[in-house]
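Colleague: Could you take me through the buried space in this model, and then the pocket that shares a structural element with its lining? I'd like residues, elements and volumes.

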Amino acid sequence: MTDQKVYPVRDDIAANAWIDRDKYQALYKQSVDDPEGFWAEQAKRIDWFKAPTKIKHTSYDPHNVDIRWFEDGTLNASVSCLDRHLETRGDQTAIIWEGDDPKDSKHVSYRELYTKTCQLANALKELGVRKGDVVTLYMPMIPEAAVAMLACARIGAVHSVVFGGFSPDALAQRIIGADSKLVITADESVRGGKQVPLKDNVDAALTRKGTEVCENVLVVKRTGGEIEWREGRDLWYHDLVDKQATDCPAEEMNAEDPLFILYTSGSTGAPKGLKHTTGGYLVYASLTHQYIFDYQDGEVYWCTADVGWVTGHSYIVYGPLANGAVTLMFEGVPSYPTHGRMGEIVDKHKVNILYTAPTAIRALMAHGDDVMNSSKRDTLRVMGSVGEPINPEAWEWYYRVIGNSQCPIVDTWWQTETGGIMISPLPGAIDLKPGSATLPFFGVQPALLDSEGNELKGAVDGNLVISDSWPGQARSIWGDHERFVQTYFSTYKGYYFTGDGCRRDEDGYYWITGRVDDVLNVSGHRMGTAEIESSLVAHEAVAEAAVVGFPHDIKGQGIYIYVTLTDGVEPSDELKKELTQWVRKDIGPIASPDVIQWAPGLPKTRSGKIMRRILRKIAANETDGLGDTSTLADPSVVDDLIENRANR
Ligand code: ATP
Ligand code: MG
């Protein structure tokens, strides 16, 4: 087993942090003993037109799943993110924008963001967008993306952000699913020095049957590249928006009115369009952002996610802006123009808090420590990880190389469905163990169940569920409440089922072991994917690994491993033997690999997560029915793996 190193909370960090050990324990206890009292108090952190008096009304009964928070309160999310900062910090930077080209960057103040939001909100009204209408955003990582989200919120329209890397078909599906009248896009986006034809993709999407609902396309001019134009349907953003009044009254929304729809990443199947509402979501996004990143006034905070994912929603836009933070938005990719870019951005903008994903860390790590030589990164104070379990080896590298062994790492476990972070260290309160998301956030009550639904106590492995509601929770799947109930509330009665497997150790720390769907059963032993993968990543020749089960005559399931080698390492049979021994020694003979296949690349979602369900099909040689592959980042990776399966 990978040894369990502990990084105790540093005294200097605890002394200045929002939450120290004692506060964490006291507040956590209050949050579960008296959720009404705790959340009534926390609700005051955002601005309300009418403060809520009814705090919690939630039922997980599968016959009547009904989740409401702050249900008699009224508010507008854009007011908490913009208007209330004008007096105290109108001239402070709200968004630092860093372009794909290292020469491009700009600062947008809270006042400018307010003005731009109001202008777009007025433009949306002119186009006939009303409260409750769904607006689809298919945009580059430019400030207009945040403006568009906030402008929708301002007039009570519901935004549905579709990641700009998605294909026309995936976009069309999402336009149809949400009955969306308007798409906001750009002519092109720029990533890694290449243009991505966003507007062409929208044009193609709108030829698909069922997209007739969409009446207009509003186009930001980002590059000035060549595009087709459909008169009457297409409108230039600047033509329509720049002439609008710079004030727009904020629509009074009920706390339970929808704020946005967002699709999951599609790692395990067809993506689900989750419905998030206004009051609970905003309270939760703002509270978690402040405490988990220990955000202090004036600090520069950078989340590298795309606004197309929930991480971008909660931790680039809503959480930071509600807190009056300086949030950095990066248009490009961490490998352009060189692999040193991330560190260079940290130095250039004096970033204090960095929040990124294991996939990005592993990609940098494969290039060796020198990739960070072009930067100092000495402004960094806290770092975060999200999206997948972070292998302890990658954690250590992140800590030592990127963070100069100075920054606590918050490994944040959460989901599109949860709206905000659920299990994570707090930098001043919780000792760190590399690879563990550690302990629950306020109001979050995790439990581990066996497959019959019995709650397991103590240090055990089980299915991760949450036993009571929290304000950031999704309320439904858009247009399909039945699927919502089926997916999350019918497997284990009375609990929210996360779909993740998890181990709790003797200190009560939580370790996500992988998706329940991906759990291996080898000769009757159940094993998560994360532990075996982490063992492999700890070998210096391995950059990335993915483990799946495949049918095996004797063991029931055998262990099939896909390995991506570190830069410059040559594949060989010797190395296969060495890796096999390595895993046997590290975890035990039961985890002994049956097959190792070299994989120049792994199939990933567009948010960078390994899609094991596809690898499982390849391992089982069932390559005819790969299922929904619309969320694959690079389909050619799959062809390559299928082709090379034979001569493994
Ligand atoms: P789909 O639900 O469509 O299969 P998805 O689950 O990948 O896609 P997201 O909501 O983006 O979509 O991802 C949430 C999942 O990501 C979690 O359920 C968990 O499996 C994984 N995850 C996120 N953060 C962490 C983390 N810090 N540690 C371990 N796993 C994580
Ligand atoms: Mg999921």
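Modeller: First, the element names: helices (H or I, at least four residues) and strands (E, at least two) are DSSP runs, numbered from the N terminus. This is a predicted model, in which local features need pLDDT of at least 70 and side-chain atom pairs pLDDT 80 or more, while totals for chains, interfaces and linings use all residues. Residues count from 1 along each chain as written, chains are lettered from A and ligands numbered from 1 in written order, and side-chain values use heavy atoms, without hydrogens or water.

On to the cavities (sets of points on a 1 Å grid over the protein atoms alone where a 1.4 Å probe fits but cannot get out). Six of them reach 30 Å³ or more, and the largest has a volume of about 90 Å³, counting the space filled by the probe spheres. Its lining (residues with an atom within 4 Å of a point) includes Arg 362, Glu 388, Pro 389 and Asn 391. Helix α16 (529-537) and strand β29 (542-552) each put at least two residues into that lining. The largest share, four residues, is from α16; among the lining residues in its stretch are Thr 529, Ala 530, Glu 533 and Val 537. Strand β29 takes in Glu 544 and Ala 545, and Ile 610 and Arg 612 also line the cavity. By class, that's five nonpolar (Ala, Val, Leu, Ile, Met, Phe, Trp, Tyr, Cys, Pro), five charged (Asp, Glu, Lys, Arg) and two polar residues (the others, with Gly).

Now follow α16 out to the second largest pocket (an open set with protein on both sides within 12 Å along at least five of seven lines). This pocket holds about 700 Å³ of space. Helix α16 gives two or more residues to its lining, as do helix α14 (392-402) and strands β23 (461-466), β25 (496-504), β26 (510-515) and β28 (525-527). There are 33 lining residues, and those nearest the pocket centre are Arg 503, Trp 511, Ile 512, Thr 513 and Glu 531. The class split here is 14 nonpolar, 10 polar and nine charged.

For context, an unreviewed UniProt entry annotates residues 531-609 as "domain: AMP-binding enzyme C-terminal"; such annotations may be inferred rather than shown by experiment. That span is 27% helix and 32% strand, with its end C-alpha atoms 16 Å apart. The record also marks residues 24-81 as "domain: Acetyl-coenzyme A synthetase N-terminal". There the end C-alpha atoms lie 26 Å apart, and the span is 40% helix and 17% strand.
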